[in-house]
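Below is a short note for a colleague who is opening this entry for the first time. The points are numbered so that they can be taken one at a time.

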Amino acid sequence: GVVYRGVGGLYLVRRPRPRGAPRVSVRGRPTGGPGGLEPAAHLVPANTTVLPFDSSTYSVTVTLPFTFPYYGQSRDRVTISKSGTIQPRTPITAAASSGGMQPMCACFPEIGPYSEYLTLDGASSIRTATIGTAPNRQFVIEWRDLLLGGSTEQRVTFEALLAENGDITFNYAGLDNATEAGAPSVRINGDWIDGEWAGWFSYLQEGFVLANDRAIVFHPPAS
C-alpha cells in the first residue's frame, strides 16, 4: 500500500480502492496527503435526545432519521458506544461472508471521532439530534463532558455528524490541555463489499493533536 502523511502524523493507508470507500479531503491547511483539519463552525449541540447511558451501559442502538450511505451500502441504524465510536451496522463474521480477504474474527465497520477509554458521571451525557431539511439533513451524535481515562477532572466534548449524502464530520470542543487534545485515535473502518473486506482501506490517525472548533471531514466517492 501507499502511505500518505500530512500534519501531525495523519495518515491514510491505501490499498486498491474498494467501491464505496470514503475520501478524506484537506481544506484550510496544505499538507502532503489527502487528510487533515479544516476550519469549521463551532460544535453543533445535540439537544434533542439524551441516550439512556449509565455506568453499566456500553452502547445504545438508534434508528437514523434517513438512510445513511456508508461503504456503498445504505444504513438505517447505528450503535453508539461510550468509548467514542459508532458502528453503522452489526458485526459480520468471516463465516457469514464469502469470497475476498476475510479476517478470522468478527469485523466491525466503525466511525470513531474520539476512540478512547471514556466514562460518564452525572455531568456527562451522549446525545443526538437531527438538523437541516431533506435531502441535506445531518444526524448529530454528541459525547458531552465525558471523563477521559477514568479521570475525575479531565472532560472532553466531541461529535460526529452523519450527513444524508454520506459526508462525515468530526467536531471538538472543551479540549483544555495537551492530554485531552492528543489522547485518542481517530478512525474510519470499512465493511464487507461484494465479498471483500474493505476495512483494510481505512483512515486511522493516532497521536494527532486535535483542536477546538476544527473539523475532520470525510467525503464519499462520487457515484
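1. Where is the place of Pro 135? Pro 135 sits in the loop between strand 13 and strand 14 (138-148). The peptide bond leading into it from Ala 134 is cis, with omega near 5 degrees. Strands here are DSSP runs of E with at least two residues, helices are runs of H or I with at least four residues, and both are numbered from the N terminus.

2. Basis of the note. This is a predicted model, in which local features need pLDDT of at least 70 and side-chain atom pairs count only at pLDDT 80 or more, while totals for chains, interfaces and linings use all residues. Residues are numbered from 1 along each chain as its sequence is written, and side-chain values use heavy atoms, with hydrogens and water left out.

3. Confidence. The predictor's confidence in each residue, pLDDT, runs from 0 to 100. The protein averages 73, and 62% of the residues score at least 70. The lowest confidence is in strand 1 (residues 2-5), with a mean of 29, and the highest is in strand 5 (residues 49-50), at 98. Two stretches call for caution. Over residues 1-20 pLDDT stays under 50, and the model has 52 contacts beyond four places in sequence for them. Residues 25-40 also stay under 50, with 45 such contacts. A contact means heavy atoms within 4.5 Å. Where pLDDT is low, the predicted coordinates should not be read in detail.

4. Overall make-up. The protein has 1 helix and 21 strands. Of its 223 residues, 49% count as buried; buried means under 20% relative accessible area, exposed over 50%, and partly exposed in between (1.4 Å probe, protein chains only). The accessible surface comes to about 10000 Å², and carbon and sulfur atoms account for 52% of it. That area comes from the Shrake-Rupley method with a 1.4 Å probe. Among contacts between residues at least 6 apart in sequence, 63% join residues at least 24 apart.

5. Strand 14 and its partners. Two strands pair if DSSP finds at least two bridges between them. Strand 14 pairs with strand 13 in the antiparallel sense over 7 bridges, and with strand 15, again antiparallel, over 8 bridges. Strand 12 (residues 118-119) is joined to strand 14 by 2 bridges and runs antiparallel to it. Leu 147 shows two of these pairings: Thr 119 has Leu 147 as its bridge partner in strand 14, and Leu 147 stands opposite Arg 155 in strand 15. Strand 14 is mostly covered, with 9 of its 11 residues buried.

6. The two hairpins. Strand 13 and strand 14 form a hairpin with 6 residues between them, and Gly 132 in the turn has a positive phi of about 85 degrees. The hairpin of strand 14 and strand 15 also has 6 residues between the strands, and there Gly 149 takes a positive phi near 60 degrees. Asp 145 has a positive phi of about 55 degrees although it is not a glycine. Asp 145 is found in strand 14 and counts as partly exposed because its relative accessibility is 29%.

7. Thr 128. This residue lies in strand 13 (residues 125-131). Thr 128 counts as buried because its relative accessibility is 6%. Its bridge partner in strand 14 is Ile 141. Leaving aside neighbours within four places in sequence, Thr 128 is in contact with nine residues' worth of surroundings that include Ala 46, Leu 51, Ile 80 and Phe 139. The C-alpha atoms of Thr 128 and Phe 139 are separated by 7.1 Å, with the two residues 11 apart along the chain.8. Aromatic pairs. The structure holds 4 aromatic pairs. Rings of Phe, Tyr and Trp (its six-membered ring) pair if their centres lie within 6.5 Å; planes under 30 degrees apart count as stacked, over 60 as edge-to-face and the rest as tilted. Phe 68 and Tyr 70 form a stacked pair, at 6.1 Å centre to centre and 25 degrees between the planes, and both residues are buried. Trp 143 and Phe 158 form another stacked pair, at 4.8 Å and 15 degrees. Trp 143 lies in strand 14 and Phe 158 in strand 15 (residues 155-163), so this pair ties together parts that are 15 residues apart in sequence. Trp 143 and Phe 158 are buried, and with Tyr 114 they form one aromatic cluster.
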